[in-house]
Amino acid sequence: MVCFCFLVDQTRKVRKSKPAAGTCSRCGGGASVADMKTATRFCHVPFYSKSWKAIICTFCGAVLKSYA
Ligand SMILES: [Zn+2]
C-alpha cells in the first residue's frame with residue numbers, strides 16, 4: 001500500500017505581483033496583489049494547474065486574501 005502523500009505534490013508560484021495597501025496580520029510586512037499559479041503533480045507529472053489572484057505578504061509569503 002503506497003501513501004498518496006508521497007505521490008502528489010503541489011507547488012505554488014507567484015507569477016507577478018504589485019504592491020497593495022495593507023499589512024500582513026502575521027508579521028506586519030507589506031502586502032501585494034499577486035497572480036498565483038498552483039500546479040498539482042502526480043508522480044512528478046503535472047496534471048492540473050490553476051491560476052488565481054491573491055493578496056500575499058511580500059515578507060513571509062502568507063496568503064492574506066484570495067480570489068477564486
Ligand atoms: Zn507576513
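# Report on a four-stranded antiparallel sheet

In this predicted model, the bridge partner of D35 in β3 is K53. D35 is also the residue in β2 that serves as bridge partner of K16. D35 is thus a convenient point from which to describe the sheet.

Residue numbers start from 1 in each chain and follow the sequence as it is written. Because the model is predicted, local features are reported at pLDDT of at least 70 and side-chain atom pairs at pLDDT 80 or more, whereas totals for chains, interfaces and linings draw on all residues.

**Chain and confidence**

The protein chain contains four strands and zero helices, and its pattern along the sequence is β-β-β-β. Both kinds of element are DSSP runs numbered from the N terminus: helices are H or I runs of at least four residues, and strands are E runs of at least two. The chain has a mean pLDDT of 89, with 90% of its residues at 70 or more; pLDDT expresses the predictor's confidence in each residue on a scale from 0 to 100. Among the elements, the highest mean pLDDT belongs to β2, at 95, and the lowest to β4, at 92.

**Sheet order and pairing**

The four strands are arranged as an open, antiparallel sheet in the order β1-β2-β3-β4. Two strands are taken to pair if DSSP finds at least two bridges between them. The edge positions are held by β1 (8-23) and β4 (63-67); each has a single partner strand, so one side of each lacks a neighbour in the sheet. From one strand to the next, the twist averages 30°. The axes behind this angle are lines fitted to C-alpha atoms (for helices, over the stretch in contact), and angles between N-to-C directions run from 0 to 180 degrees.

Strands β1 and β2 are antiparallel and joined by twelve bridges. Twelve bridges also link β2 (residues 30-42) with β3 (residues 45-57), again in the antiparallel sense. Within the β2 and β3 pairing, A34 stands opposite A54, and V33 has I55 as its bridge partner in β3. The antiparallel pairing of β3 with β4 rests on four bridges. Here I55 recurs, standing opposite K65 in β4, while I56 faces V63 of β4. In general, side chains along a regular strand alternate between the two faces of the sheet.

**Hairpins**

The connections between successive strands are summarised below.

| Hairpin | Residues between strands | Residue with positive phi |
|---|---|---|
| β1 and β2 | six residues | G28, about 80° |
| β2 and β3 | two residues | C43, about 55° |
| β3 and β4 | five residues | G61, near 80° |

The loop between β2 and β3 merits separate comment. C43 lies in this loop, and its phi near 55° is positive although the residue is other than glycine. H44 is located in the loop between β2 and β3 as well, and H44, also not a glycine, takes a positive phi of about 65°.

**Burial and contacts**

Burial is judged from the number of other C-beta atoms, placed from the backbone, within 10 Å of a residue's own: 20 or more is buried, 12 or fewer is exposed, and values in between are partly exposed. Of the 68 residues in the protein chain, 7% are buried. Edge strand β4 is hardly covered, with a count of zero buried residues among its five. In the β2 and β3 loop, C43 is exposed because it has 9 other C-beta atoms within 10 Å. H44 likewise counts as exposed, with 7 C-beta neighbours inside 10 Å.

G22, a residue of β1, is partly exposed, with 14 other C-beta atoms within 10 Å. Apart from neighbours within four places in sequence, its contacts are A31 and I55, where contact means that the C-beta atoms of two residues, placed from the backbone, lie within 7 Å. The C-alpha atoms of G22 and L64 are 9.7 Å apart, although 42 residues separate the two along the chain. For the protein chain, 40% of the contacts with a separation of 6 or more are between residues 24 or more positions apart.
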